[in-house]
Amino acid sequence: MKIETLLPLGKLDPGLRASAAPLDIASVGEDARLAEELGYDGVITEETKEDPYIVMALAAQATSRVSLATAVAVAFPRSPTVTAHSGWTLQRLSRGRFVLGLGSQVKGHIERRFGMTWSAAGPWLRDYVRAVRAIWDCWQNGTKLDFDSEHYRLNLMVPLFAPAPIEHPQIPIQLAAVNPFMCQIAGEVADGIRAHPIATPSYIREVMLPAAKKGAAKAGRDFSPFAMCVMPLVATADNKAALADEIRDVRARVAFYASTPAYLAAFETQGHGQVATQLQALSRAQRWDEMPALVDNEMLDAYAVIGTYDEIAGKLKARFVGLATHLEFRMPVTGDADKARLRELVAALRQ
């Protein structure tokens, strides 16, 4: 497995509270450089409060070895041409280390946060990825741009707006996916899946990978290089007493994800659909403080990996070795002792 970390370095999942360690845009380069020094294979960023492409540009300038992935950027509010430009520029800047991770986001956000008209996410994202690749092919090989689909018609590319070919034109595209149909779309058109934190090993093995393989077979694609990138919910600390606070936060995060209707299938297949339905009702009523109590220890253990620093690497490997190609892991970094411990944990996870 390749081991990645989410920027900012050391940020932990805050559950239903605001993040205690928001990303400082001025420190991105320093964090990315430190991640590289600690032995990480890649750094990733999500699209929440900052533009992920700017974050990756800053990380690219500060590093020379780690991969750089948006995990994930929201696709639909940007035209395929805008995203193609961002990916092309970052691939050139990083000398071939960029990975374009894209997600659809849910209907409410597309309509009410981005002010767009919703369309079924799977077919839309399939068209989107193919459009981006058609644009890149035009820039790299001089192919006439002539892409026509349900969602996009692209047939104009003049020299003034066409970037020059680059040294590493094969930019991997990975898709955020939870439900089987989106996993199938990823298998059809993408190079990997960025699995949601609620994707348990059994769900990945029994639902996600078979669906992705089905998509690859439908498209006549070789599935062997397909990436499965996991971002598990982790609660870890130096000792059992400190671990209690981390467990509280990760329990709240499970409750939050379970309250999202789009993720219901991932909870139903694990036998927690009824709880998820109850959490949806509490979420609609904005009764956030009541939600974590519905996540009992059995449900928590299904969706989170919990252990002290001495235990956590072994527990993560037991769940994901042979299943995941990439694993995201982080812990607080407040001094040299934490850096040394994190370096050891990254090395242990990579073995």
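# Exercises on a predicted model

The buried residues of helix H1 are covered by elements that include strand E1 (2–6), E2, H2 and helix H13 (336–350). The structure is a predicted model. The exercises start from H1 and move outward.

## Exercise 1. Helix H1 and its surroundings

Task: Decide how far H1 is enclosed, and describe the residue that follows H1.

Solution.
- Step 1. Take the extent of the helix. H1 covers residues 28–37.
- Step 2. List its buried residues. They are Val28, Gly29, Asp31, Ala32, Leu34, Ala35 and Glu36.
- Step 3. Draw the conclusion. Seven of the ten residues are buried, so H1 is largely enclosed by the rest of the structure.
- Step 4. Look past the end. Glycine 39 follows H1 and has a positive phi, near 100°.

## Exercise 2. The packing of H2 and H3

Task: Classify the packing of H2 against H3 and describe the contact.

Solution.
- Step 1. Recall the two descriptors. Packed helices are described by the angle between their axes and the distance between the axes.
- Step 2. Read them off. For H2 (residues 52–62) and H3 (residues 80–94) the angle is about 10°, and the axes lie 9 Å apart.
- Step 3. Classify. H2 is therefore roughly parallel to H3, because angles under 35 degrees fall in that class.
- Step 4. Name the contact. H2 contributes Tyr53, Met56, Ala57, Ala60 and Gln61. H3 contributes Thr83, Ser86, Leu90, Leu93 and Ser94.
- Step 5. Sort by type. Six of these residues are nonpolar, four are polar and none is charged.

## Exercise 3. Salt bridges across the chain

Task: Place the salt bridges of glutamate 47 and lysine 240, and find their partners.

Solution.
- Step 1. Start from the total. The whole structure has 13 salt bridges.
- Step 2. Find the first partner. Glutamate 47 meets arginine 78, at 2.8 Å from N to O.
- Step 3. Place the pair. Glutamate 47 sits in the loop between strand E2 (42–45) and H2. Arginine 78 sits in the loop between strand E4 (73–74) and H3. The two are 31 residues apart, so the pair links distant parts of the chain. Arginine 78 is buried, with a relative accessible area of 15%.
- Step 4. Find the second partner. Lysine 240 bridges to glutamate 311, with the closest N and O atoms 3.6 Å apart.
- Step 5. Place this pair too. Lysine 240 belongs to helix H8 and glutamate 311 to helix H12 (residues 309–320), 71 residues apart.
- Step 6. Check exposure. Lysine 240 is exposed, at 55% relative accessibility. Glutamate 311 is partly exposed, at 30%.

## Exercise 4. A bridge and a network

Task: Describe the bridge between arginine 287 and glutamate 290, then name the residues joined in one network.

Solution.
- Step 1. Take the distance. The arginine 287 and glutamate 290 side chains meet at 2.8 Å, N to O.
- Step 2. Check exposure. Both count as partly exposed: arginine 287 at 40% and glutamate 290 at 37%.
- Step 3. Name the network. Arg126, Arg130, Glu188 and Lys218 are joined by salt bridges that share partners.

## Exercise 5. Leucine 243 and the cores

Task: Is leucine 243 buried or exposed, and which residues have the most contacts inside the largest nonpolar core?

Solution.
- Step 1. Locate leucine 243. It lies in helix H8 (residues 240–258).
- Step 2. Apply the cut-off. At 4% relative accessibility, leucine 243 is buried, because the limit is under 20%.
- Step 3. List its contacts beyond four places in sequence. They are Ala235, Thr236, Ala237, Ile306, Gly307 and Thr308.
- Step 4. Take one partner. Isoleucine 306 is 63 residues away in sequence, yet 8.3 Å away in space, C-alpha to C-alpha.
- Step 5. Turn to the largest core. It has 111 residues, and Leu175, Ile193, Phe267 and Phe329 have the most contacts inside it. Helix H5 (residues 121–141) gives the largest share, eleven residues.
- Step 6. Note the other core. Apart from the largest lies a core of six residues, among them Leu6, Ile44, Val99 and Met231.

## Exercise 6. Backbone exceptions

Task: Where are the cis peptide bonds at proline 8 and valine 72, and what is the phi of arginine 95?

Solution.
- Step 1. Recall the rule. Most residues other than glycine have a negative phi, and most peptide bonds are trans.
- Step 2. Take proline 8. The bond from leucine 7 is cis, with omega near 5°. Proline 8 lies in the loop between E1 and H1.
- Step 3. Take valine 72. The bond from alanine 71 is cis, with omega near 0°. Valine 72 is in the loop between strand E3 (67–70) and E4.
- Step 4. Take arginine 95. Its phi is positive, about 60°. Arginine 95 lies in the loop between H3 and strand E5 (98–103) and is exposed, at 67%.

Notes
Residues numbered from 1 in each chain as written. Predicted model: local features only at pLDDT ≥ 70, side-chain atom pairs only at ≥ 80, totals over all residues. Heavy atoms only, no water. Axes fitted to C-alpha atoms, helices over the stretch in contact; angles between N-to-C directions. Helix = DSSP H or I, 4+ residues; strand = E, 2+ residues; numbered from the N terminus. Parallel < 35°, antiparallel > 145°, perpendicular 65-115°, else oblique. Contact = heavy atoms within 4.5 Å. Nonpolar A, V, L, I, M, F, W, Y, C, P; charged D, E, K, R; others polar. Buried < 20%, exposed > 50% of the residue type's maximum accessible area, 1.4 Å probe, protein only. Core = buried A, V, L, I, M, F, W, Y, C linked by side-chain atoms within 4.5 Å. Salt bridge = Lys/Arg side-chain N within 4 Å of Asp/Glu carboxyl O.
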